[in-house]
Amino acid sequence: MTEIHVKLPGLLTTVQDLGREGFGPIGVSPSGAADPVSLRLGNRLLGNPDTSAALEMTLLGGTFLFPQGAVVALTGSDFGATLDGVPVELWTSVEVSPGQILRVRDTRSGARCYLCVQGGIAVQPFLGSASTHILSGLGGFEGRALRKGDVLNNGPTEGSFRKRKLAEQARERLAPRQILRVTPGPQALWFPESSRQLFYGSRYRVTEESNRMGLRLVGPHLQGPPIPTSFAGEMVTEGVSLGAIQVPHGGLPIILFVEQQTTGGYRKIANVISADLPSLGQLRPRDEIRFELVGWEACCASRRRCWPPRS
Amino acid sequence: MSDVRFQPASDQSLLVYFGQHITLEAHQHVMQLLRLLESEPIAGIRNLHPAYCSLLIKFDVLKLGHDDLEAILRPYLDRLEAVCLPEARNIEIPVCYGGEHGPDLNEVAEMHGMTPAQVIELHASAMYEVYFLGFVPGFAYLGELPAALVTPRLTTPRRRVPAGSVGIAGSQTAVYPFATPGGWRLLGRTPLQMFRPDCGDTSPKSLLSIGDRVRFQPISRERFAALDKA
């Protein structure tokens with residue numbers, strides 16, 4: 001086991017893995033990496049299992065000291081990282097010598113950059129996962145974002161360093177999408193045709209209030225549909241899926257994300273397809289997006305294509 | 001089963017609706033299907049989200065499609081009526097009503113032309129059923145409120161509701177397990193920890209489970225303070 005000392009935490013740096021599935025009945029959403037493809041690829045570059053935990057940095061990265069050295073890989077968006085002042089290449093395994101300092105700066109592309117370490121970040125698992133659930137303060141490192149002075153451990157490794165690099169054409173395929181493919185939401189037909197046309201024909205901007213629970217959008221307001229079912233004047237609360245695009249009374253859509261509530265009472269006009277969920281994790285405030293309606297059969301095929309092959 | 005409707009919610013999830021309304025019968029069916037899927041799991045199902053009259057099933061898109069899942073679920077649904085549910089647990093939750101713990105108590109009383117004491121008596125007199133847990137970890141949707149207490153939620157939700165707060169909205173009531181934003185009207189607060197993350201990975205994390213019966217027990221401010229410290 002070796003240590004990682006947090007000299008500067010960055011804006012919002014948390015321990016994440018692929019999340020905890022299966023706890024919907026007690027209201028626990030999976031959480032996990034906002035861009036799970038980048039996390040998986042980082043782990044594979046290091047010879048880690050896909051499920052190893054890493055640090056997820058948001059918009060502004062942290063500064064980390066490795067007193068005993070480590071083997072690391074940075075994946076996701078380019079945050080302009082340096083190791084003792086020397087630029088570090090993304091999507092590549094890198095050997096860090098004892099005492100070296102990795103400085104991850106601010107984003108030059110998308111919202112999130114992953115610092116993966118050989119052996120994974122070691123924390124006490126909560127319901128089988130290392131992922132931090134920030135709202136409820138569960139999982140990860142003390143259930144919270146990292147702070148200056150925190151000391152993390154990485155898990156045991158075989159200690160060998162192998163230079164591994166992701167192929168250029170694979171990187172190109174990972175470029176986040178600005179046109180998100182969606183399928184109709186369970187209440188899509190409750191919306192008048194004019195609202196659906198507006199939704200698919202307009203650009204929406206990601207707002208500053210977006211986080212791991214949901215991405216709040218601004219753009220044309222969608223006219224509230226009539227409610228066929230009523231319970232004290234509201235829709236009957238039901239389970240909500242990852243990437244659901246719900247439209248509250250104000251008419252501005254919200255995309256539910258990894259730390260989502262597990263149930264909700266707002267109408268859903270559409271749902272981002274699973275192949276495009278990692279793109280959501282790379283959206284920054286003020287980014288503009290559009291929605292493209294696709295058929296159900298297209299989803300599975302695109303997911304197979306986007307899923308990283310074993311290298 | 002006749003009154004079942006399937007609705008794809010996303011490419012990796014399917015909603016199973018038992019009617020469109022909140023009824024004890026629909027709730028019973030949700031619990032029976034949940035129990036059956038937990039005791040005889042289907043390969044490729046990744047998560048289950050029960051609610052009032054529906055169950056959202058999340059699956060692995062590389063293993064299943066909506067049609068496959070529907071076909072696998074039909075025989076499960078045919079057996080539903082025969083699924084025995086465990087006897088409901090009775091759980092008592094101590095609540096300190098009003099004051100700083102229940103900032104909306106007086107307004108709720110005024111809205112219904114009652115005294116705060118009458119609101120407390122009504123709220124604490126009913127036996128509530130845990131319809132499901134959702135929203136955040138350990139948040140149990142309890143119903144139904146006595147008709148005289150049915151109250152719309154706040155027009156502007158609070159940015160932060162303290163953990164343990166007991167609120168009402170529509171004909172539901174609930175305890176907030178964590179400090180979160182929230183739009184329910186707050187009548188009081190319990191010193192109990194509704195969700196215990198640090199009790200080992202095998203023991204139940206949530207004080208309440210689907211199907212439990214709950215009663216609220218009014219306690220004094222002194223009792224709240226004593227229990228809160230414990």
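Here are some questions and answers about how the features of this predicted model get their names.

The model is predicted, with local features needing pLDDT of at least 70 and side-chain atom pairs counting only at pLDDT 80 or more, while totals for chains, interfaces and linings use all residues. Residues are numbered from 1 along each chain as its sequence is written, and chains are lettered from A and ligands numbered from 1 in the order in which they are written.

Q: What makes the two faces of S10(B) count as covered?
A: Look at both sides of this strand, residues 172–175 of chain B: Gln172(B) and Ala174(B) sit on one, Thr173(B) and Val175(B) on the other, and all are buried. Buried means that 20 or more other C-beta atoms, placed from the backbone, lie within 10 Å of the residue's own. In general, side chains of a regular strand alternate between the two faces of the sheet.

Q: How do you know that S9(B) and S10(B) pair?
A: Pairing takes at least two bridges found by DSSP between two strands, and S9(B) (residues 165–169) has 4 with S10(B), in the antiparallel sense. One bridge partner pair is Val166(B) with Val175(B). The two strands form a hairpin with 2 residues between them, and Gly170(B) in the turn has a positive phi of about 60°.

Q: What joins S7(B) to S10(B)?
A: There are 2 bridges between S10(B) and S7(B) (residues 140–143), and the strands run antiparallel; that meets the requirement of at least two bridges. Gly143(B) has Gln172(B) as its bridge partner.

Q: Which strands make up the closed barrel in chain B?
A: The 7 strands run S5-S12-S9-S10-S7-S6-S13, with mixed pairing. Strands here are DSSP runs of E with at least two residues, helices are runs of H or I with at least four, and both are numbered from the N terminus. S6(B) (128–133) and S13(B) (213–218) are antiparallel and joined by 2 bridges, with Tyr128(B) partnered by Val214(B).

Q: How do you know what Ala54(A) is in contact with?
A: Contact means that the C-beta atoms of two residues, placed from the backbone, lie within 7 Å. Leaving aside neighbours within four places in sequence, the contacts of Ala54(A) include Gln16(A), Leu39(A), Tyr114(A) and Ile121(A).

Q: Which parts of chain B touch chain A?
A: The contact takes 47 residues from chain B and 37 residues from chain A. Elements giving two or more residues on the chain B side include S1(B) (4–10), S2(B) (13–18) and S6(B), while S3(B) gives the most, with 5 residues.

Conventions: A residue is buried if 20 or more other C-beta atoms lie within 10 Å of its own, exposed if 12 or fewer, and partly exposed in between; C-beta atoms are placed from the backbone.
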